[in-house]
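Thank you all for making the time this morning. I would like to take you through a few side-chain contacts and their surroundings, one at a time, and I will put the sequence and the structure up now.

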Amino acid sequence: MTPEEQNELDQLKQSLRLTTAELADARGKLKAMELNVYETKRNAEKTLSEAKALQTETEQSLAVAADQMTVAHAIGLGIFGMAELTRARMARASAAARIVYRENHLVEHLERFVSAQTVGNADGVKQVLGYLKEKIAGIRHDGEMNRQIAAEQYLAHGFSAFETFWQKLLQESPK
Amino acid sequence: MSVTLPSSATELFDDLLPTGIKGYPDKIREINAVFGFDIEGDDGGFWTLDCTSAPPQVHKGNTGKCQCTITLEHEDFKKLLSDYNAGISLYFQGKIRVSGDEKLCLRLGEFFAITRPK
């Protein structure tokens with residue numbers, strides 16, 4: 001082997017030694033990276049597990065809070081409702097009292113109204129008056145509060161409706 | 001005749017409610033529970049509302065049959081007479097306490113629907 005060849009061989013060996021060292025270093029770094037990735041993954045899984053546990057706990061707390069809110073709301077509704085119950089009872093009594101008063105007043109007024117007129121259709125008018133009396137009496141005995149209040153309004157409307165009907169009869173009846 | 005809200009627990013439980021429940025005995029019996037109301041403070045007291053009896057009844061005092069008892073200060077109780085939304089804030093402030101079967105409180109809310117048309 002010539003000195004030049006020997007020299008070249010020595011350089012190649014030196015290069016090879018360097019390459020081997022670099023390779024070992026790279027392997028070491030790769031191993032470290034693998035460990036790092038493994039640790040990171042473990043930590044991520046642990047964090048995810050904790051987050052899920054926290055989510056479950058939060059959902060349970062929310063469910064409990066929702067139940068408590070429902071109970072709280074029901075208590076508020078209940079006590080208020082009991083107060084409303086008494087108001088409704090009293091309002092119904094008031095409405096019933098007003099209906100009785102208006103009924104008596106209305107019927108009395110209608111009878112005076114009819115007797116004051118002298119037209120050929122008095123029988124027809126009396127039939128209408130009788131019909132109205134029955135209608136008013138039927139509504140009055142209905143026990144539901146809302147319908148009693150509606151009856152009160154009906155009486156008010158019924159009176160004006162009867163006046164309208166009466167005026168029409170006056171226009172149409174023979175003189 | 002003016003219609004006003006009761007102004008105290010005594011007025012509600014002793015005077016008005018016994019009359020009020022006579023108007024809706026069947027609907028109140030459907031609630032089917034016995035409630036105790038322990039009202040603390042001045043003009044307070046304990047009342048038992050028995051929705052299981054025929055007819056439903058209000059008793060002064062604890063009859064020993066309460067399945068669910070609601071305890072609160074009289075001043076807080078008066079707030080609920082005119083504002084049902086106050087129940088939530090009072091409850092979460094700890095000013096309304098429930099003992100016994102808390103779930104029965106849900107039935108108490110049915111009083112609200114009794115006077116309202118469906």
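Let me begin with B:Lys78, which has a relative accessible area of 29% and is therefore partly exposed. Please keep in mind that this is a predicted model, and that the values I quote are computed from it. Which residue does the side chain of B:Lys78 meet in a salt bridge? The partner is B:Glu75, with 3.1 Å from N to O, and B:Glu75 is itself exposed, because its relative accessible area of 51% is over the 50% cut-off. The two residues sit three apart in helix H3 of chain B, which spans residues 74-82, so about one helical turn separates them.

Staying with that helix, the buried residues of H3(B) are B:His74, B:Asp76, B:Phe77, B:Leu80 and B:Leu81. Around the axis they cover an arc of only 155°, and so they lie on the same side of H3(B).

The search of the whole structure finds six salt bridges over all chains, and I will describe two others besides the one in H3(B). In chain B, B:Asp14 forms a salt bridge with B:Lys60, where the closest N and O atoms are 3.9 Å apart. This pair links distant parts of the chain, since B:Asp14 belongs to helix H1 (residues 9-20) and B:Lys60 to strand S3 (residues 57-60), with their positions 46 residues apart. As for their surroundings, B:Asp14 is partly exposed at a relative accessible area of 32%, whereas B:Lys60, at 56%, is exposed.

Turning to chain A, A:Glu39 forms a salt bridge with A:Arg42, and here the closest N and O atoms are 4.0 Å apart. Both residues lie in helix H1 of chain A, which runs over residues 3-116, and they are three residues apart, about one turn of the helix. A:Glu39 counts as partly exposed, at 35% relative accessibility, and A:Arg42 also counts as partly exposed, at 45%.

My last stop is a loop in chain B, the one between strand S2 (45-50) and S3, where B:Ser53 is found. Is B:Ser53 buried or exposed? At 17% relative accessibility B:Ser53 counts as buried, because that value is under the 20% cut-off. The side chain of B:Ser53 reaches the backbone oxygen of B:Pro55 at 2.8 Å, and with that contact I will stop and take your questions.

Key:
Residues are numbered from 1 along each chain as its sequence is written. Chains are lettered from A and ligands numbered from 1 in the order in which they are written. This is a predicted model: local features need pLDDT of at least 70, side-chain atom pairs count only at pLDDT 80 or more; totals for chains, interfaces and linings use all residues. Side-chain values use heavy atoms; hydrogens and water are left out. Helices (H or I, at least four residues) and strands (E, at least two) are DSSP runs, numbered from the N terminus. Buried means under 20% relative accessible area, exposed over 50%, partly exposed in between (1.4 Å probe, protein chains only). The arc is that of the directions from the helix axis to the C-beta atoms. A polar contact is a pair of N or O atoms within 3.5 Å; within protein, one must be able to donate a hydrogen and the other to accept it, and residues adjacent in sequence count only if both atoms are side-chain atoms.
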